[in-house]
Amino acid sequence: MKTAGIDGCLAGWLLITFDEGKEKYEVLRDREALKEAFETYDRVFIDMPIGLEDEEYTREADALLRKKLGGEYASSVFSPPIRPALTAPSYVEANMISHEYTEKKLTLQAWNITPKIQMVDELLRADKELVDKVLEAHPELLFQKLNGGMIYQKKNLKKGIKHRLKLIEDREPIAEDFFRDIKEDFRRNEVEEDDIVDAMVLAYCAKISEEEGIKTLPEELEYDSEGMRKAIHYV
């Protein structure tokens, strides 16, 4: 099974794979590159909301994830746009649609990644074979699991990045070289340090999921009105 982790970055998307003998990283700068990656790999863990609600502001998966992460880390989970607001041409119009259905406005954080959510959604709806290959995952949950159930430092701190990198290095020694090389190959306004460690944990967990199996939040898999999985995947 060919596996990869993908995290959104300022340059587009950062893809990493730890498949034995085929370890690599690359930046996917456009829709076609992302589409090719989806078609190339048998399993992709991606940090991007996929299944969307039609009328509910908060997905059950996100509510459960906030409980799992707890405390300060729950703030790293935000509600994506409802499906009717996904194609809104402006933040103002997205807010109007969201408020009409849910009586709540879309956060600016959610709006900023809406083009990426829309891109993934369009690719998966165009090729339903990708629905069970491209799986939404959340790096903080994956790091929590690797660290025995807790995370010690927030990743906006240097020590938080080092802590997360060490969790991957202990399992994939090449991660140390990848981290250094990616920082050399790409500017900070293309790929940031937290993008690197996030893509790494997504890649590692996608790789081990073949043997360890996949769990989901919620446990019983749900699909949205377009047939997309409304679940967060982890190992």
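**Helix 6, the open sheet and a few odd backbone spots**

In helix 6, the residues that end up buried are P139, E140, L141, L142, F143, Q144 and L146. That makes seven of the eight residues in this helix, which spans 139-146, so helix 6 is largely enclosed by the rest of the structure. The model, it should be said, is a predicted one. The cover over these buried residues comes from several places, including strand 4, helix 2 (60-69) and helix 7 (158-169). Helix 9 (193-212), strand 6 (215-217) and strand 7 (232-234) also belong to that cover. Just past the end of helix 6, G148 adopts a positive phi of about 75 degrees.

Stepping back to the whole chain, the protein contains nine helices and seven strands. Its C-alpha trace spans about 50 × 40 × 35 Å along the principal axes. The radius of gyration is 17 Å, which agrees with the value near 18 Å that a compact globule of 235 residues would have. Buried residues account for 52% of the 235. Of the contacts with a separation of 6 or more, 67% are between residues 24 or more positions apart. The protein exposes about 11,300 Å² in total, and carbon and sulfur atoms supply 45% of that area.

Five of the strands come together as an open sheet with mixed pairing, in the order 3-2-1-4-5. Strand 3 (24-28) and strand 5 (134-136) sit at the edges, each pairing on one side only. On average, neighbouring strands in this sheet are turned by 25 degrees against each other, direction ignored. As a reminder, strands of a sheet pair through backbone hydrogen bonds, either parallel or antiparallel.

Strand 1, residues 3-9, is a good place to look at both senses of pairing. With strand 4 (residues 43-47), strand 1 pairs in the parallel sense over five bridges, and D7 stands opposite D47 there. With strand 2, strand 1 runs antiparallel, again joined by five bridges; here I6 has L15 as its bridge partner. The link between strand 1 and strand 2 is a hairpin that passes through two residues. Strand 1 is also mostly covered, with seven of its seven residues buried. The cover reaches both faces: T3, G5, D7 and C9 are buried on one side, and A4, I6 and G8 are buried on the other.

Moving outward, strand 2 (residues 12-17) pairs with strand 3 in the antiparallel sense, over five bridges. Two of the matched positions are W13 with L28 and I16 with Y25. Strand 2 and strand 3 also form a hairpin, this one with six residues between the strands, and G21 in the turn has a positive phi of about 80 degrees. Helix 8 (residues 174-185) packs on the sheet here, touching strand 2 and strand 3, and its direction makes about 30 degrees with that of strand 3.

Away from the sheet, helix 3 (residues 91-102) carries S98. At 3% relative accessibility, S98 counts as buried, because the cut-off for buried is under 20%. A polar atom of the S98 side chain lies 2.7 Å from the backbone oxygen of K104. Leaving aside residues up to four places away in sequence, S98 touches Y57, I82, E103, K104, K105 and L106.

One of those contacts, E103, deserves a closer look. E103 lies in the loop between helix 3 and helix 4 (108-112). Unlike S98, which is buried, E103 is exposed, with a relative accessible area of 65%. Most residues other than glycine have a negative phi, and most peptide bonds are trans. E103 goes the other way on phi: its value is positive, about 65 degrees, although E103 is not a glycine. The peptide bond between L217 and P218 is a cis one, with omega about -5 degrees. P218 itself lies in the loop between strand 6 and strand 7.

Notes:
Residues are numbered from 1 along each chain as its sequence is written. This is a predicted model: local features need pLDDT of at least 70, side-chain atom pairs count only at pLDDT 80 or more; totals for chains, interfaces and linings use all residues. Side-chain values use heavy atoms; hydrogens and water are left out. Two strands pair if DSSP finds at least two bridges between them. Helices (H or I, at least four residues) and strands (E, at least two) are DSSP runs, numbered from the N terminus. Axes are lines fitted to C-alpha atoms, for helices over the stretch in contact, and angles run from 0 to 180 degrees between N-to-C directions. Contact means heavy atoms within 4.5 Å. The radius of gyration is taken over C-alpha atoms; the globule rule is 2.2 Å times the number of residues to the power 0.38. Buried means under 20% relative accessible area, exposed over 50%, partly exposed in between (1.4 Å probe, protein chains only). Accessible areas come from the Shrake-Rupley method with a 1.4 Å probe; for residues, only the protein chains shown count as cover. A polar contact is a pair of N or O atoms within 3.5 Å; within protein, one must be able to donate a hydrogen and the other to accept it, and residues adjacent in sequence count only if both atoms are side-chain atoms.
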